[in-house]
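Work through the exercises below with the sequence and the structure side by side, and try each task before reading its solution.

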Amino acid sequence: MTKHFDAIIIGAGQAGPSLASRLTSAGKTVAFVERKHFGGTCVNTGCMPTKAMVASAYAAHLARRGADYGVTTGPITIDFARVMARKDTVRFNSRKGVEGWLKGMPNITVIEGHARFEGPHEVRVGGELLSADQIFLNVGGRAATPDFPGVEDVPYLTNVSIMDLDTLPRHLIVIGGSYIGLEFAQMFRRFGSEVTVIEKGPRLIGREDADVSVAILAILEKEGINFRLNAECIRFAKRGDEVIAGVDCTAGAPEIVGSHLLLATGRRPNTDDLDLDRAGVKTDARGYVEVDETLRTNVPHIFAMGDCNGRGAFTHTAYNDFEIIAANLIDGEARKVSDRIATYGLFIDPPLGRAGMTETEARKSGRKLLIGTRPMTRVGRAVEKGETEGFMKVIVDADSKEILGASILGTGGDEAVQSILDVMYAGKPYTTITHAVHIHPTVSELIPTVFGDLHPAT
């Protein structure tokens with residue numbers, strides 16, 4: 001017998017549970033399907049557990065620098081089991097919170113199992129056949145495995161399996177010099193592992209401006225992380241208990257010998273086992289569900305939120321997807337994906353906070369630009385904290401005075417950039433910030449100064 005609902009939501013990431021709350025509060029009946037862990041990537045293998053580990057790594061780093069602050073400390077050791085236990089407490093408590101919240105909602109039926117489409121309105125979960133007037137996908141993504149020679153012949157870690165290590169790697173080889181790879185590289189170096197990062201490109205995090213990439217490389221090299229850039233013909237082999245990574249680089253040895261291998265080379269959507277074709281839902285060449293500006297698929301009553309739609313790869317964009325759908329379907333408001341401004345962070349220490357365009361993107365736009373920069377060595381709060389790595393950079397349209405983008409690499413950069421983002425959303429000129437009075441001593445107080453020191457881009 002088919003059980004009918006007003007809505008079916010598949011996946012308990014950042015968007016799904018919030019949408020369920022809105023729908024059930026509006027009196028709608030909802031079937032909610034989750035096949036594994038409530039909370040999605042952020043709660044289980046992404047933001048929360050990794051940032052808990054970053055916090056432990058920062059504590060170790062700061063303890064080692066005790067003498068810089070006039071604090072006498074003894075030898076610093078890492079209790080890796082306690083680090084991982086703390087991480088698990090953070091993620092398990094959050095997972096239970098999401099599960100309890102969902103199961104406590106009125107008008108909801110929570111089903112744990114693998115959902116597959118049987119038609120445009122029908123979804124099967126095990127032996128149960130469900131139907132609904134509207135269906136919402138929030139199935140997320142997973143690590144992509146690169147097709148390097150020998151990769152199937154060696155044990156390797158992903159951002160998921162590295163969360164379950166019970167011993168600290170002696171030498172961690174990281175494939176991929178971008179956001180995920182760099183966060184793990186720094187934290188494990190601070191835990192005491194030798195770390196080598198192998199990147200095919202000529203510089204780290206190629207999505208960022210070159211000056212940001214250069215600064216991050218210098219910061220991480222200073223901590224003792226080894227880098228192999230321009231790495232071609234990456235290949236793997238096993239030698240006893242060791243993993244061998246072979247590379248062809250312009251400099252350096254042709255082989256790196258490590259105890260553990262982490263593949264951090266991108267993500268792929270969890271859409272390949274939903275039988276989307278039975279519902280007539282289109283995906284692109286990479287498997288992402290194609291959606292319009294309101295997150296509606298080509299099948300009008302089916303929507304896709306979060307990482308699986310290819311319109312954002314972050315917790316905050318997934319949550320905004322929920323807000324867009326709720327606004328259009330429940331609140332009678334017209335909101336769309338293109339309303340949002342690109343923003344994200346790289347959570348190494350110091351962090352990178354980003355908003356809007358990079359300088360490279362702004363130059364390609366053909367606009368007349370004004371650019372302002374300031375090293376963190378000239379930010380009083382950073383000097384007081386003894387954390388002066390990095391810099392601030394802002395980009396402005398010279399004619400309209402519109403803020404186009406900002407990069408803040410430095411202590412508190414992930415928080416300070418939000419004040420710039422708010423002015424961008426308000427549609428106000430950069431002079432709104434230059435006329436503002438900020439709290440002293442903070443990192444944010446120098447943002448008006450950076451905008452006050454703009455100069456024409458050459």
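**Exercise 1. A pair of helices**

How near do the axes of helix α3 and helix α4 come, and at what angle do they cross?

Solution. Bear in mind throughout that this is a predicted model. Two packed helices are described by the angle between their axes and the distance between the axes. Begin by locating the two elements, since α3 covers residues 47-64 and α4 covers residues 80-103. Their axes come within 9 Å and cross at roughly 145°, and the crossing in which α3 passes α4 is right-handed. Next, look at the residues that make the contact: α3 contributes Met48, Pro49, Ala52, Met53, Ala55 and Ser56, while α4 contributes Val83, Met84, Arg86, Lys87, Val90, Arg91 and Ser94. Sorted by character, the residues of this contact divide into eight nonpolar, two polar and three charged.

**Exercise 2. Two residues, two surroundings**

Decide whether Arg82 is buried or exposed, and then whether Ile244 is buried or exposed.

Solution. Arg82 belongs to helix α4, and its relative accessibility is 63%. Residues over 50% count as exposed, and therefore Arg82 is exposed. Although Arg82 and Ser56 are 26 residues apart in sequence, their C-alpha atoms are 9.7 Å apart in space. Turn now to Ile244, which is part of strand β12, residues 242-248. The relative accessibility of Ile244 is 5%, so this residue counts as buried, the limit for buried being under 20%. Setting aside residues up to four places away in sequence, Ile244 touches Arg235, Phe236, Ala237, Arg239, Glu255, Ile256 and Val257. Ser259, 15 residues from Ile244 in sequence, has its C-alpha 8.7 Å from the C-alpha of Ile244.

**Exercise 3. The nonpolar cores**

Which residues of the largest nonpolar core touch the most other members?

Solution. The largest core holds 48 residues, and those that touch the most other members are Ile8, Ile10, Leu102, Phe117, Ile135, Phe136 and Leu137. To follow one of them, take Ile135 and leave out its neighbours within four places in sequence: the residues in contact with Ile135 are then Ile8, Ile10, Phe117, Pro120, His121, Val123, His301, Ile302 and Phe303. There is also a second, separate core of 39 residues, which includes Met84, Met163, Leu165 and Val195.

**Exercise 4. Cysteines**

How many disulfides does a search of the whole structure find?

Solution. A disulfide is a covalent bond between the sulfur atoms of two cysteines. The search finds zero disulfides. Consider Cys308 as an example: the nearest cysteine sulfur, belonging to Cys42, is 16 Å away, whereas a disulfide needs the two sulfur atoms within 2.5 Å. Cys308 has 0% relative accessibility and therefore counts as buried.

**Exercise 5. Unusual backbone angles**

Find where the cis peptide bonds at Pro350 and Pro441 lie, and describe phi at Ile205 and Lys401.

Solution. Most residues other than glycine have a negative phi, and most peptide bonds are trans. Asp349 and Pro350 are joined by a cis bond with omega about 0°, and Pro350 sits in the loop between β17 and β18. The bond from His440 to Pro441 is also cis, with omega near -5°, and Pro441 is in the loop between α12 and α13. Ile205, in the loop between β9 and α6, has a positive phi near 30° and is buried at 1% relative accessible area. Lys401, in the loop between β20 and β21, has a positive phi of about 70° and is partly exposed at 39%.

Conventions. Residues are numbered from 1 along each chain as its sequence is written. This is a predicted model: local features need pLDDT of at least 70, side-chain atom pairs count only at pLDDT 80 or more; totals for chains, interfaces and linings use all residues. Side-chain values use heavy atoms; hydrogens and water are left out. A nonpolar core is a set of buried Ala, Val, Leu, Ile, Met, Phe, Trp, Tyr and Cys residues joined through side-chain atoms within 4.5 Å. Buried means under 20% relative accessible area, exposed over 50%, partly exposed in between (1.4 Å probe, protein chains only). Contact means heavy atoms within 4.5 Å. Axes are lines fitted to C-alpha atoms, for helices over the stretch in contact, and angles run from 0 to 180 degrees between N-to-C directions. Helices (H or I, at least four residues) and strands (E, at least two) are DSSP runs, numbered from the N terminus. A crossing is left-handed if the near helix is turned anticlockwise from the far one by less than a right angle, and right-handed if clockwise. Ala, Val, Leu, Ile, Met, Phe, Trp, Tyr, Cys and Pro count as nonpolar, Asp, Glu, Lys and Arg as charged, and the others, Gly among them, as polar.
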